[in-house]
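Colleague: Please take a close look at one part of this model for me. I would like to know how one of its sheets is put together, and then how a pair of its helices packs.

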Amino acid sequence: MGEPGPRAGFPTLLTKLAEDLQEPKVEDLIFCITGDFTTTAIFDEYDDAEKFVTGLADTEVCGARRGMKNVFMVPGNHDVNYTSPKVGERWERYTGFYNRLYGTTHRHDQPLGMVQLHDRTADLGALVLTLNSCVYVEKGKKSEQQGMVDYEQLGTVEKLLKAVPPDGLRNSIRIALIHHHPVLIPALAEPSRSYDAVENAGLLLSLLRQYGFQLVLHGHKHSPFVFTEDSSSAWSDTPQPIVIAAGGSAGSTGLPTNYSRNSNCYNRITVKYYPDGGQTRVQVQTRGLTIFKPNGAEDLPHNWRWVPLKVEDKSFSSQHCVPEVRAQIRPRTPPPEEMRVLDQARAAEYQKRRGNMPVVEVKPSLVRGQAYEARCWVVGHGQREVPVRVTWSAGRHFPVITIAAEDDGLFCVEFHYWGPMLIEACMEFADGGTVRAHVYARLPEAVQAEEAKPNG
């Protein structure tokens, strides 16, 4: 955003984003911006940035104008006047920018004041933590590129999280925003610049995982990486994993050159959290701005469009939803006659289904008002006879879905539900025969071990 403005005939970033976000109504939607609103932190750049942020807040997006209350942001290292040794001078411009946007009165000589926990449990079911890894960014210092979350900031974060009522933590989606990358990304390491993760990243991630954060969003590297931090120690209880997503760069011209598909991009992130099972699903769709026609020729600027680059879909649980084997198991080798009977029964079941086995995978649903998604498909076993079509049903509360082999050879469907259900696959074959098979979609809540009770 360092240039005075777009050239004649070129669209603004806000214009292109608004075009790409005219989809059906989305109830709970927030914007998260992870820094570098400017290039050199000069006043003209902040004017442009202010117009962009206020315009984004006032633009109708997915059915509604979201307002500044739904815009969350943290500063980047380019937003700091990093040539000054004085804290107040380094932060004066960003603090003024922030205060004008939100009507706040943060002091420019106290940048840690913008470390905040935004409690939106009442309307969004979410807690949003905004960190500041750029407090010590100064020319010629280690943190000029690396960034830091010092012990004072960590203590502030812990104090803020301790103040949240237990039910508020248990029932909320927890999201943290930071500018610098909290985990070293080997593919982006720059040895000549002594690049590493933000200082004290280990302590920060341990604290966030301790309080059940599901998602960390960051910027800085201009590359859209998504990964899960799930390191564990044999010496202590292991908190749930945490998804870390880098935002790439929506508007900068400083894009990485080591990727063939480099382009401006942004992430659409959907988070579903089901407290009773402690299960979280995070889906990250990265959308890139293409300036080319389908035939590869360069297109006119007004025709530039966003296209999906990749979708990452990650699910994990903070609780044990699968029971442990507690009974004393004594494996045995059955006599040949018994084994023959068992094998015949198994073979008869395969034959009955003509080698087609319906299976189900359960994960949190991304559909509002539903808890889980049951993804069903048909897996072949041995010399199978492929059905010509499969009709799926799950009871009177669900639609009946028929999939033909020519449309999808896996016959894959999904059901979204709030309670467990038995799903039927009615498989039809070319000879007119039908086979009905069933799978059970459970409700994967936390499993509590029960003591064995004697009979009688």
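Modeller: I start from a single residue pair in this predicted model. Valine 390 stands opposite isoleucine 403, a residue of strand 17. The strand next to strand 17 here is strand 16, residues 389-393, and the two run antiparallel, joined by four bridges.

These strands belong to an open sheet of four strands. Its order is 17-16-19-20, and the pairing is antiparallel. Strand 17 (401-404) is an edge strand, as is strand 20 (434-441), and each of them pairs on one side only. On average, neighbouring strands of the sheet are turned by 20 degrees against each other, with direction ignored.

Now to the helices. Helix 1 covers residues 13-20 and helix 2 covers residues 43-58; their axes lie 10 Å apart, and the packing angle is about 20 degrees. Angles under 35 degrees count as roughly parallel, and helix 1 and helix 2 are therefore roughly parallel to each other. The crossing of helix 1 and helix 2 is right-handed. On the side of helix 1, the contact is made by Leu13, Leu14 and Leu17, while helix 2 contributes Phe52, Gly55 and Leu56. Sorted by class, the contact of helix 1 with helix 2 has five nonpolar residues, one polar residue and no charged residues.

How values were computed
Residues numbered from 1 in each chain as written. Predicted model: local features only at pLDDT ≥ 70, side-chain atom pairs only at ≥ 80, totals over all residues. Heavy atoms only, no water. Axes fitted to C-alpha atoms, helices over the stretch in contact; angles between N-to-C directions. Parallel < 35°, antiparallel > 145°, perpendicular 65-115°, else oblique. Left-handed = near helix turned anticlockwise from the far one by under 90°. Contact = heavy atoms within 4.5 Å. Nonpolar A, V, L, I, M, F, W, Y, C, P; charged D, E, K, R; others polar. Pairing = 2+ DSSP bridges.
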